[in-house]
Amino acid sequence: MTRAPGDASWSAWQPLKGLPALTPPVLAETLDGGQAFRWYRQSDGSWQGQWSEHAVRVRADAAGRLGWSAPVGSEAGARAAVRAYFATSVDFVALADALPWRSDPHLARCRAEFPGLRLLRQPFGETLLGFLCSATKQIVQIKQMLALLAARHGAVTAAATPAGEKLHRLPTWPEIAAIPEAALRGCLLGFRARYIAETARFLAANPGWLEATEAAPYAAARERLCTLPGVGGKVADCVLLFGAGRLEAFPVDVWILKTLARRYGLEGWKPAQLAQFGRAHFGPLAGLAQQYLFAWERRHGGR
DNA sequence: TGACAGGGGGTGT
DNA sequence: ACACCCCCTGTC
């Protein structure tokens with residue numbers, strides 16, 4: 001049994017079956033490109049990430065085949081959790097092929113540049129928390145907020161490594177409801193602290209609301225999310241796309257706004273109009289198209 | 001090494 | 001259209 005390099009408390013690498021080969025840049029874009037905010041690149045080139053009570057390392061070998069490792073003792077639970085998180089039962093290569101790239105030259109080159117790009121299936125509540133933090137913040141800052149929330153207010157997970165490193169999960173919504181708003185502000189949340197505190201109080205007063213929202217049809221779920229303080233159409237679509245597998249969700253942020261204006265001749269369109277355009281032009285998998293456009297714009301930035 | 005200005009993947013009024 | 005917050009980044 002070979003151990004993960006550099007840390008004897010992590011399990012041997014195990015193949016992550018069901019995924020296509022991914023290049024390191026596509027893996028990086030998937031894990032750290034704005035869908036999720038709790039993945040960190042390790043010195044050995046692997047990625048360490050957390051969700052719910054799980055902590056996992058992921059890497060691609062020279063051929064692009066993915067492997068995962070978990071703290072020793074947590075492998076049994078991690079195996080199913082990894083499969084669910086990476087949505088291994090969903091064939092994103094086939095879905096990308098079903099996008100209208102044959103009649104859309106820009107989408108065609110986005111698809112060609114990020115082969116195998118995937119959408120993650122993150123825990124719904126944690127995804128909501130992450131995107132409540134996202135307003136006018138870049139990825140690095142969102143990651144910092146969530147890291148502080150976890151370190152100060154999240155339970156130590158059973159997956160904590162005996163090597164000295166304590167791993168904290170994010171606080172749950174009931175736990176957040178008990179945190180004074182001032183303490184939230186101490187986690188660099190700024191004006192987002194009030195949104196998060198109020199959302200936590202609302203969820204505490206409405207048991208089952210989050211679960212019902214996750215299970216509702218797309219349009220109804222989006223409307224429900226938009227009733228939460230700090231959640232507009234963009235955040236709602238991110239939560240549904242990255243935290244509920246709703247591939248018809250089409251988040252319109254300033255990057256997508258610029259892309260659609262510049263590459264699709266839609267200057268002057270408002271975000272709500274563009275969201276409608278996206279769903280009409282890209283179809284029921286619009287969210288996957290959005291992820292490709294987004295990845296392209298991040299890499300090429302307006303050139 | 002430190003100070004400073006500019007800007008930031010959005011929402012609510 | 002502008003406030004909300006305040007950290008990060010680049011630059012001098």
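This is a short tour of a protein chain and the DNA strand beside it, one selection at a time. Keep in mind that the model is predicted.

**Stop 1: the whole of chain A.** Select chain A and colour it by secondary structure. You will find 15 helices and five strands. The radius of gyration of chain A is 19 Å, close to the 19 Å that the globule rule gives for 303 residues, so chain A is as compact as a globular protein of that length. Turn the chain around: its C-alpha atoms fill a box of roughly 55 × 50 × 35 Å along the principal axes. Of its 303 residues, 44% count as buried.

**Stop 2: the surface near DNA strand B.** Now show DNA strand B and the 19 residues around it. Which of them come nearest? Pick out Gly34, Ala135, Gly232, Val235 and Asp253. Two elements give two or more residues each to this surface: helix H12 (233–243) and helix H13 (254–263). H12 provides the largest share, three residues. Colour the surface by class and you will see eight nonpolar, eight polar and three charged residues.

**Stop 3: from H13 to H15.** Stay with H13 and add helix H15 (residues 286–300). Two packed helices are described by the angle and the distance between their axes. Here the axes come within 10 Å and cross at roughly 90 degrees, so H13 and H15 are roughly perpendicular to each other. To see the contact, show Trp255, Ile256, Lys258 and Thr259 of H13 together with Gln290, Leu293, Phe294 and Glu297 of H15. These contact residues divide into four nonpolar, two polar and two charged.

Technical notes
Residues are numbered from 1 along each chain as its sequence is written. Chains are lettered from A and ligands numbered from 1 in the order in which they are written. This is a predicted model: local features need pLDDT of at least 70, side-chain atom pairs count only at pLDDT 80 or more; totals for chains, interfaces and linings use all residues. A residue is near a molecule or strand if its C-beta atom, placed from the backbone, lies within 6 Å of it. Helices (H or I, at least four residues) and strands (E, at least two) are DSSP runs, numbered from the N terminus. Ala, Val, Leu, Ile, Met, Phe, Trp, Tyr, Cys and Pro count as nonpolar, Asp, Glu, Lys and Arg as charged, and the others, Gly among them, as polar. Axes are lines fitted to C-alpha atoms, for helices over the stretch in contact, and angles run from 0 to 180 degrees between N-to-C directions. Angles under 35 degrees count as roughly parallel, over 145 as roughly antiparallel, 65 to 115 as roughly perpendicular and the rest as oblique. Two residues are in contact if their C-beta atoms, placed from the backbone, lie within 7 Å. The radius of gyration is taken over C-alpha atoms; the globule rule is 2.2 Å times the number of residues to the power 0.38. A residue is buried if 20 or more other C-beta atoms lie within 10 Å of its own, exposed if 12 or fewer, and partly exposed in between; C-beta atoms are placed from the backbone.
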